[in-house]
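Let's take a friendly walk through this structure, one chain at a time. Keep the 3D view open beside the text as you read.

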Amino acid sequence: MISIVDTILDSLSFINIDINMLLLVAIILPGLVLFVLMAINVMLAVYFERKVAAFMQDRLGPMEVGIFGYKGGKKFWGGIGQIFADTVKLLTKEDIMPAKADKLLMLISPFIIVTGALLTFIGIPFSKGLIVSDFNIGILYIIAMSSVGVIGVILAGWSSNNKWSLYGAMRSAAQIISYEIPIGLTLLLIVIVCGSLQVSEIVLWQSENRWFIFHSPFAFIAFFIYFISVVAETNRTPFDIPEAESELVAGWMTEFSGFKWSIFFMSEYANMLIVSIVASIVFLGGWLSPFKIIHLSFIPETWYLLDGFYWGIFWLMLKAIILIFVMMWFRWTFPRLRVDQLMYVCWKVFIPFSLANLFLITIWELIF
Amino acid sequence: MPNKIKDILSKKFKDAINFSEDQNCYFILDATKLENIATFLCNSKDLQYNYLMCLSAYDLGESTKFGIAYNLYSTHFKHYIEIRIEFEENCEIQSVSHIWKTANWHEREAFDLMGIEFKNHPDMKRILLPEDWEGHPLRKDYKTPEYYKGMPVPKDKSYWE
Amino acid sequence: MFKVIDKSIINTDEMVLNMGPQHPSTHGVLRLKIITDGEIVNKVEPIIGYLHRCFEKHCENLPYEQIVPFTDRCDYLASMHMSHAYSMTVEKLLDIKLPERVEYIRVIVSELQRIASHLIAVGAFGLDVGAITPFTWTLRDRERILDLFELLCGARLLYNYVWPGGVSHDLPVKFIERTYEFLDYFLPQIDEYNQLLTTNKIFIERSADVGVLPLDVGINFGVTGPSLRASGTNFDLRKDEPYSVYDKFDFNIPVGEGLMGSVGDCWDRYYVRVLEMKESVKIVRQALDSLPKGDVHEVLPKKIRPNKGEVYSRYESARGDVGFYIRSDGKNIPTRVKMRSPAYCNLSVLNEISSGWMISDIIAILGSLDIVLGEIDR
């Protein structure tokens, strides 16, 4: 599959500069686009979350702020200007640092976390061919880069010079690294079936057979294990012990304010988007339309409606947004699990089930 | 039933306890017998007052006489008794917190607000007022202090009255 | 349950953690000094007194009728109960018999107040455990009760309604109709809360078997109210020593049975409150159906000047057993007023039932005991 970097290099090849300079441009441009994408994602996701939370709690959410006089009406889209108001507020807030906190570490830790998210975006496709770089170790790269964030979390908790932040950071680090194991094990299932770690190959396999979630009962279970594990990985309720509002104020993020806090925020929502897109690619068919759930060889290709490059973006984002909505739904419905119960679920429930799944799906593949 | 209680108590503690008709309560006349009486009331098979409802300290006003009222209830027999003890300022009162654990905080409050010190209390310190407060406010002869930590207490109340 | 690690094997230090007066989850200005060993708590020491407003000293300078607003502010989430308890004590001192209509109105208002207070207790417990949505729903329903109270006496939270000798105003024109509407609306809402919290697996994991309060420990510490009834006893002043007109109504006393864990755990304390709300709805309906006519100001004394004497009277409020001990000298100002608040004794049991649990559980236990700092500090 051709990736964006390759496309840019090809289109700029008429300029006779050294290949390295072209490469530099070809890398920086998608990087900037990705950063802008992350910023837009957090703006929209915050607004979406506030509205979803409000409607579930029998109230209306932001309704007053409008853009250029347009308030958005009385239905769901009221207060549409809140997007821009929140952004401006976060960027212009005063930056307070505690006196005895480690200033250098406090400056670095948000950037480590957001770097992890940005690096992961490099391997995430948005449609057929719309990927920054199509690694042939795609899935493995994504899982690996998601782990970079743990360092930032621990640094953030330690540098705040606050017992409660330290508690939160420790819990968060333990949680993230524990739940990476079920994630890796469940993503391994499709690698076994499809035979390749490359993302485009995975979706190609799904377009020729069926969506992976319907491949076998084990894949079905694996989807749920994966989804719950990513809810834990991104520190969302019911696994949001590190940010537990009623216990630790804001956990490891307590002492951060202003721009640094908005970077944390951005990385949390970017993580949510990443894992939702990965779930939809691996299990739900990626950029394939729902008419292509099962490949039936007697239907000619031209009969498939709503399929193509731009439709692909739409389907992928639709599936990702539905999964993000489900994550937000969880947040406002369930209470919080305690730390030891969280660890129990991971180590004694998910990992045995994932290992069993792995074993049984190889048997399924041999039989069918 | 009340007569039976009166009989039991007067038989066991002849002079130390006295029933007063008009106030419908028992007066302990001998402060040193307080612990014995309290243990008997809690543990005896006929009475079993296992629930200390309230422990109020009061100031009788006439120079330095204080009183403590114990309101007891039995959840088995569903009867109720009130016991009072009145004493001079420096009399030693036994703590009953090893019998009814609820008395722990009630006696701390009595010490804090009224200044009655209880012997053998596990944790005798102020509970409602700050640790460095001087004086015991609920006494009748309590005067509000002039200064608190260097800040003068305002005498001109025309701001808010 | 967790065991404290034997110190001879591993050298761990105890950490003193301060959950300070300003904290999102202590129900008011309460300071908890927690001594922990890692995540497991050895000892919890509550430090109170941040809201002490010298209620008892004020009472020694005020006439009896003017003390009623002060009693409201003691337990601000159940003000009707406080003023009702105080008025009952003064009436016992004065030896007045009240007209039937006054007693019925007081019962209606008290039970509505009980529902309102339990709604906050249930919602705040969910909030402590992490479920944010039920809190908004219970507050939404509590607003309806507060609207009824606003119709009745003009105030939403601190009413100054129940006076010694009667009530301040009679029921206004639309009150009965609106109360029936509210009761019809409210009963299915309890099933909604049950769906979200009571039978939720995560909620049960967080609260069942946590902070078990054995019955004899509870009685020894003076715990009363729903917190004690969850431990297996049906000790309720409304049935054991009926005051006012409670003996005319037919209602049950919910008792904790350990449905999801042991008897007396946090889930039981929470569920007893949910069931009590249903019973209160029953009582209000019966009271409204048989409301007698009369004049509410019939025996309202113009000047309260009781004879010399002392009286102790008890009342079942939303949190437990409120006691007022009043000594009178024959003047129109009491000599000593002592308020025995239920939350004061409920809080003192926190250290006993919370050693060996984790910090998250301390918050859950504190939430299930349902304390109000105004009542504790007075």
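## A first look at the chains

Chain A has 13 helices and zero strands. Its pattern along the sequence is therefore a plain run of helices, α-α-α-α-α-α-α-α-α-α-α-α-α. The radius of gyration of chain A is 22 Å, close to the 21 Å that the globule rule gives for 368 residues, so chain A is as compact as a globular protein of that length. Please keep in mind that this is a predicted model.

Chain B mixes both kinds of element, with three helices and nine strands. Reading along its sequence, you meet them in the pattern α-β-β-α-β-β-β-β-α-β-β-β.

Here are some values for these two chains.

| Property | Chain A | Chain B |
|---|---|---|
| Extent of the C-alpha atoms along the principal axes | about 65 × 55 × 50 Å | roughly 60 × 30 × 30 Å |
| Buried residues | 40% of the 368 residues | 32% of the 161 residues |
| Contacts joining residues at least 24 apart, among those at least 6 apart in sequence | 76% | 42% |

## The sheet in chain B

In which order do the five strands of the open sheet in chain B lie? The order is 1-2-5-4-3, and the pairing is mixed. Strand 1 (17-20) and strand 3 (51-59) of chain B are the edge strands, and each of them pairs on one side only. From one strand to the next, the twist averages 25 degrees.

Now find strand 4 (residues 65-73) and strand 5 (residues 80-88) of chain B, which run antiparallel and are joined by nine bridges. As one example to look for, Lys65(B) stands opposite Glu88(B) in strand 5 of chain B.

A helix belongs in this picture too. Helix 3 (residues 103-114) of chain B lies across strand 3 and strand 4 of chain B. The helix runs at about 10 degrees to strand 3 of chain B.

## Where chain C touches chain A

Finally, turn to the contact between chain C and chain A. It takes 24 residues from chain C and 21 residues from chain A. Which helices of chain C each supply at least two residues of the side that touches chain A? They are helix 4 (100-129), helix 5 (133-153), helix 7 (201-207) and helix 14 (359-369) of chain C. Sorted by class, this side of chain C has twelve nonpolar, seven polar and five charged residues.

How values were computed. Residues are numbered from 1 along each chain as its sequence is written. Chains are lettered from A and ligands numbered from 1 in the order in which they are written. This is a predicted model: local features need pLDDT of at least 70, side-chain atom pairs count only at pLDDT 80 or more; totals for chains, interfaces and linings use all residues. Helices (H or I, at least four residues) and strands (E, at least two) are DSSP runs, numbered from the N terminus. A residue is buried if 20 or more other C-beta atoms lie within 10 Å of its own, exposed if 12 or fewer, and partly exposed in between; C-beta atoms are placed from the backbone. Two residues are in contact if their C-beta atoms, placed from the backbone, lie within 7 Å. Two strands pair if DSSP finds at least two bridges between them. Axes are lines fitted to C-alpha atoms, for helices over the stretch in contact, and angles run from 0 to 180 degrees between N-to-C directions. Ala, Val, Leu, Ile, Met, Phe, Trp, Tyr, Cys and Pro count as nonpolar, Asp, Glu, Lys and Arg as charged, and the others, Gly among them, as polar. The radius of gyration is taken over C-alpha atoms; the globule rule is 2.2 Å times the number of residues to the power 0.38.
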